[in-house]
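Reader: I'm new to looking at protein models, and I'd like to learn how to read one. Could you walk me through some features step by step?

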Amino acid sequence: MAHPAFRAAAVRVRVPATSANLGPGFDALGLALGLYDDIVVRVAESGLHIDIAGEGADTVARDEGNLLVRSLRTAFDALGGQPRGLEVVCANRIPHGRGLGSSSAAICAGLVAARAVTTGGEHKIDDAALLELAAEIEGHPDNVAACLLGGFTLAWGEGGAVRAVRMDPAPGVVPVVFVPSTPLATETARGLLPRTVPHADAAANAGRAALLVEALTRRPELLLPATEDRLHQEYRAPAMPDSVELVHRLRADGVPAVISGAGPTVLALADEGQADKIARLAGDGWTANRLALDTAGASVLPLAKAAR
């Protein structure tokens, strides 16, 4: 492959937060949320310069170890070669270590930006290949599929490849996220999962995951039973007891609530008329945000477009 040519102009990419699992859809279902990171990437003459504002500004690496930069490098390798230098500016709004897909957002932002800044990039890496790269870096496809495609996604592996389909959530479904002040590493949450689960629990989750597709796309009145989980949330309770307790409390009040991804954020899927009321239910120690559903996924935007 010939060494690629790069655009002189900077590119701006916006990526949404995501919530994975959604209760029963472990490592398969994802939902894109209206909370965004924005990055601007420009090919420079030499070196690597990273500027970060917002979430992670005091903790995220500003060198080749940065996850976004590693994703840029992975995409440039797939595109045929590295640029001489890079300037990267990040405006981060997605909380880190809270189960809202901040790592997936960084991965997808890097991959999309590298493709956009490379002349003919979309012909060299199509959307299916982009998903493959993102899932390979992340280690599982649920968050990256929702981040890239937007909407409600179902991702799976087939013959060694990653596949995903995008669906439109039903009108009137409003995500409400309850974000605690303390983060939780995904590795910690995954480490609590057992190697085997009872057959009855696996069967129950399979039925609920199938029901969730119907509930979230066409019949939101079924979201409470559809979000029941037996595979991961209770096993992870020792690492986030307050989150699991809040899920139980909300569900006892008839609110479809789940752990968002690996936690510790709690996601409630409210209807339009109840969203503001539900946002007030968490109490002290939580930041409650009513969000929109993102339908666009990772997007290349004009540099002058105002941030939301």
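Reader: Let me start with a single residue. Is Phe6 buried, partly exposed or exposed?

Author: Before I answer, keep in mind that this is a predicted model. To read burial, look at the relative accessible area: under 20% is buried, over 50% is exposed, and in between is partly exposed. Phe6 has 21% relative accessibility, so it counts as partly exposed.

Reader: Okay, and how many aromatic pairs does the structure hold?

Author: There is 1 aromatic pair. It's made by Phe6 and Phe76, with ring centres 5.5 Å apart.

Reader: How do the planes of those two rings sit, stacked or edge-to-face?

Author: The idea is to check the angle between the planes, where over 60 degrees counts as edge-to-face. For Phe6 and Phe76 the planes are at 90°, so this pair is edge-to-face.

Reader: Which parts of the chain does the pair tie together?

Author: Phe6 is in the segment before β1, while Phe76 belongs to helix α1, so the pair links parts that are 70 residues apart in sequence. As for burial, Phe76 has 0% relative accessibility, so it counts as buried.

Reader: I see a charged side chain next to a ring too. Where does Arg14 lie relative to Tyr36?

Author: Arg14 lies over the face of Tyr36, 5.1 Å from the ring centre.

Reader: Now helices. What describes two packed helices?

Author: You use the angle between their axes and the distance between the axes. Take α1 and α2: their axes come within 7 Å and cross at roughly 40°. That angle makes α1 oblique to α2. The crossing of α1 past α2 is right-handed.

Reader: Which residues of α1 and α2 meet?

Author: On the α1 side they include Leu68, Leu72, Ala75 and Phe76, and on the α2 side they include Ala106, Ile107, Gly110 and Ala114. You've already met Phe76: it's the partner of Phe6 in the aromatic pair.

Reader: What about α2 and α4: how do their axes cross?

Author: The axes of α2 and α4 come within 10 Å and cross at roughly 140°. Over 145 degrees would count as roughly antiparallel. At roughly 140°, α2 is oblique to α4. This crossing is right-handed. Residues of α2 such as Ile107, Leu111 and Arg115 meet residues of α4, including Leu130, Leu133 and Ile137.

Reader: Can we try a loop? Where does Gly23 lie?

Author: Gly23 is in the loop between β1 and β2. A loop residue can be checked for burial just like any other residue, and Gly23 is buried, with a relative accessible area of 0%.

Reader: Which residues does Gly23 touch, beyond those up to four places away in sequence?

Author: Gly23 touches Thr227, Asp229, His232, Gln233 and Val258. Here it helps to compare sequence with space. Gly23 and Thr227 are 204 residues apart in sequence, yet their C-alpha atoms are 4.8 Å apart.

Reader: Let me try that on His96. Where is it found?

Author: His96 is in the loop between β4 and α2. With a relative accessible area of 26%, His96 is partly exposed. Leaving aside sequence neighbours within four places, its contacts are Glu55, Gly56, Val60, Ser102 and Pro183. One of them, Val60, is 36 residues from His96 along the chain, with 9.7 Å between the C-alpha atoms.

Reader: And what should I look for in the backbone? Which residues have a positive phi without being glycine?

Author: Asn21 is one of them, with phi near 75°, and Asp27 is another, with phi near 60°. Asn21 is in strand β1, whereas Asp27 is in strand β2. Asn21 counts as buried at 4% relative accessibility, and Asp27 counts as partly exposed at 23%.

Reader: One last backbone thing: is the peptide bond from Gly263 to Pro264 cis or trans?

Author: For this you read omega. From Gly263 to Pro264, omega is near 5°, and the bond is cis. Pro264 is in the loop between β8 and β9.

Note on methods: Residues numbered from 1 in each chain as written. Predicted model: local features only at pLDDT ≥ 70, side-chain atom pairs only at ≥ 80, totals over all residues. Heavy atoms only, no water. Phe/Tyr/Trp six-rings, centres within 6.5 Å; stacked < 30°, edge-to-face > 60°. Helix = DSSP H or I, 4+ residues; strand = E, 2+ residues; numbered from the N terminus. Buried < 20%, exposed > 50% of the residue type's maximum accessible area, 1.4 Å probe, protein only. Lys NZ or Arg CZ within 6 Å of the ring centre and 35° of its normal. Contact = heavy atoms within 4.5 Å. Axes fitted to C-alpha atoms, helices over the stretch in contact; angles between N-to-C directions. Parallel < 35°, antiparallel > 145°, perpendicular 65-115°, else oblique. Left-handed = near helix turned anticlockwise from the far one by under 90°.
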